[in-house]
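User: Hi! I have a model open here and would love to talk it through with you. Could you take a look with me?

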Amino acid sequence: MGYAPQAQIDHDALRHNLQRVRDTAPDSRVWSVIKADAYGHGVERVATALQESDGFAVARLDEGLKLRKAAFKQPILIMGGCYTSDEWVQAVRNEFDVVVHQERQVTLLESLPLDTGSINVWLKVETGMHRLGIPSEHLTDLADRLTAHPRVRRINLMTHLANADDRSDSFTYSQIARFESHKTDRFTHGSIANSAGVLGFQATHRDWVRPGIMLYGVSPFSDTSAEELGLRPVMTFRSRVIAVQQCRRDDPVGYGGTYNCPQDMPIAVVAVGYGDGYPRHAEEGTPVLVAGRRLPLVGRVSMDMITVDARDYPEVQAGDSVVLWGRGLPVEEVAKSAGTIGYELLCSVTSRVEFLDLNRRDTKGI
Ligand SMILES: *Cc1c(COP(=O)(O)O)cnc(C)c1O
């Protein structure tokens, strides 16, 4: 690799993590969640690696259309549902599975003269998150209207968990109980679990699970690492040392001089910055893996560079390989030091960064 940052995407790790889902929820079908460009990993490569999934779930219609255009034939779940007539027309034409979470969406569907195609509908019931969801008292009425619609094939029931990342929080059980109170024969399939549900709450598994973050090898829990959960990191965000400064005691480093060297010391300058998606809010001490050694970030993150305290690795030199996160350095740790979550860091890698596929089995080019 050159001296510019790279995001390596390990297809073996993707397949391994999908197998972890299968092993953990053996009786459930799997919607692999690949919204937001597959959590920043690149949706086509991820869908290719995960083509054994029972289906793909995305947030928005456009994301589903992109998959169909790329010739993916799997079922595709549009989790946000349709908001315009045109979106409904496209959803029906492409045989999507569509979430319905408010009455407006049903009314819009009923108003359209659709004479071909079909959809499966997933009624999303409000069970405690109060974000998207149909209040329970309206559920039967909407299910009746959808049953009467000629283009609707199956009606399923789903909900979304608010607090499942905390396994000690009983709120998840109250959400499961509310979901359960609506589960009747009229709904063909049920779905509750995100990654935290898959790994933390067996009672959420149902007919379909909807794992996202665990597929990318990241733990949904703050108290358990991905490694402990048997997950393998998919993205390794790498770069190189491009310069080494031999600083003197009291030398300020970087913009604003926010770091002052406590002694004579080497500062390694690494080619990555917020222009590549490295978080500008990463605090002093954020771990950076330089030639396999964990060293602390110091000074402000710039657009193209970061600076690292290399006292524990005085032999550091330009060209040394650096891991910002991924193999050997969980993104969860970096996220914690930047006041965010792994999800956000993975989604934030910018288009300036070169993406490289590892262990790709198919030959299809991206
Ligand atoms: C994003 C999302 C998921 C996946 O969540 P993870 O925490 O990444 O596993 C599942 N269901 C819905 C409705 C989502 O929006």
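User: Thanks! Let's start with the ligand: how far is a polar side-chain atom of Ser195 from an oxygen atom of the ligand?
Analyst: Happy to help! Keep in mind that this is a predicted model. In it, a polar side-chain atom of Ser195 sits 2.5 Å from a ligand oxygen.

User: Nice. What about Tyr39, how far is its polar side-chain atom from an oxygen atom of the ligand?
Analyst: For Tyr39, the distance from a polar side-chain atom to an oxygen of the ligand is 2.5 Å. There is a backbone contact too: a polar backbone atom of Ile213 is 2.8 Å from a ligand oxygen.

User: And which residues surround the ligand?
Analyst: The ligand has Val33, Lys35, Tyr39, Met79, His160 and Asn194 around it, along with Ser195, Arg210, Pro211, Gly212, Ile213 and Tyr343.

User: Okay, zooming out. How is the chain divided into domains?
Analyst: Domain 1 covers 11-216 and domain 2 covers 235-358. Taken over C-alpha atoms, their centres are 38 Å apart.

User: How many residues of each are in contact?
Analyst: Nine residues from domain 1 contact seven from domain 2. Between them, the two domains bury about 800 Å², and carbon and sulfur atoms give 58% of that area.

User: Which three residues supply the most of the area that domain 1 buries?
Analyst: That would be His41, Arg45 and Ile213, which supply 49% of the area domain 1 buries against domain 2. Ile213 is also one of the residues surrounding the ligand.

User: How many salt bridges does the rule find across that interface?
Analyst: The rule finds one salt bridge between domain 1 and domain 2. Arg45 pairs with Asp357, with 2.6 Å between the closest N and O atoms. There are also three residue pairs in polar contact across the interface.

User: Which elements give two or more residues to domain 1's side?
Analyst: Those are helix 1 (11-24) and helix 2 (35-40). Helix 2 gives the most, with three residues. By class, that side of domain 1 has four nonpolar, three polar and two charged residues.

User: Changing topic: how many salt bridges does the count come to?
Analyst: The count comes to 16 salt bridges. One of them joins Glu103 and Arg145, whose closest N and O atoms are 2.8 Å apart.

User: What does that pair tie together?
Analyst: Glu103 is in helix 6 (residues 103-110) and Arg145 is in helix 7 (residues 139-147), so the salt bridge ties together parts 42 residues apart in sequence.

Key: Residues numbered from 1 in each chain as written. Predicted model: local features only at pLDDT ≥ 70, side-chain atom pairs only at ≥ 80, totals over all residues. Heavy atoms only, no water. Domains from an automatic or database assignment. Contact = heavy atoms within 4.5 Å. Buried area = accessible area lost by both parts, 1.4 Å probe. Salt bridge = Lys/Arg side-chain N within 4 Å of Asp/Glu carboxyl O. Polar contact = N/O pair within 3.5 Å; in protein donor to acceptor, adjacent residues only side chain to side chain. Helix = DSSP H or I, 4+ residues; strand = E, 2+ residues; numbered from the N terminus. Nonpolar A, V, L, I, M, F, W, Y, C, P; charged D, E, K, R; others polar. Near = heavy atom within 4 Å.
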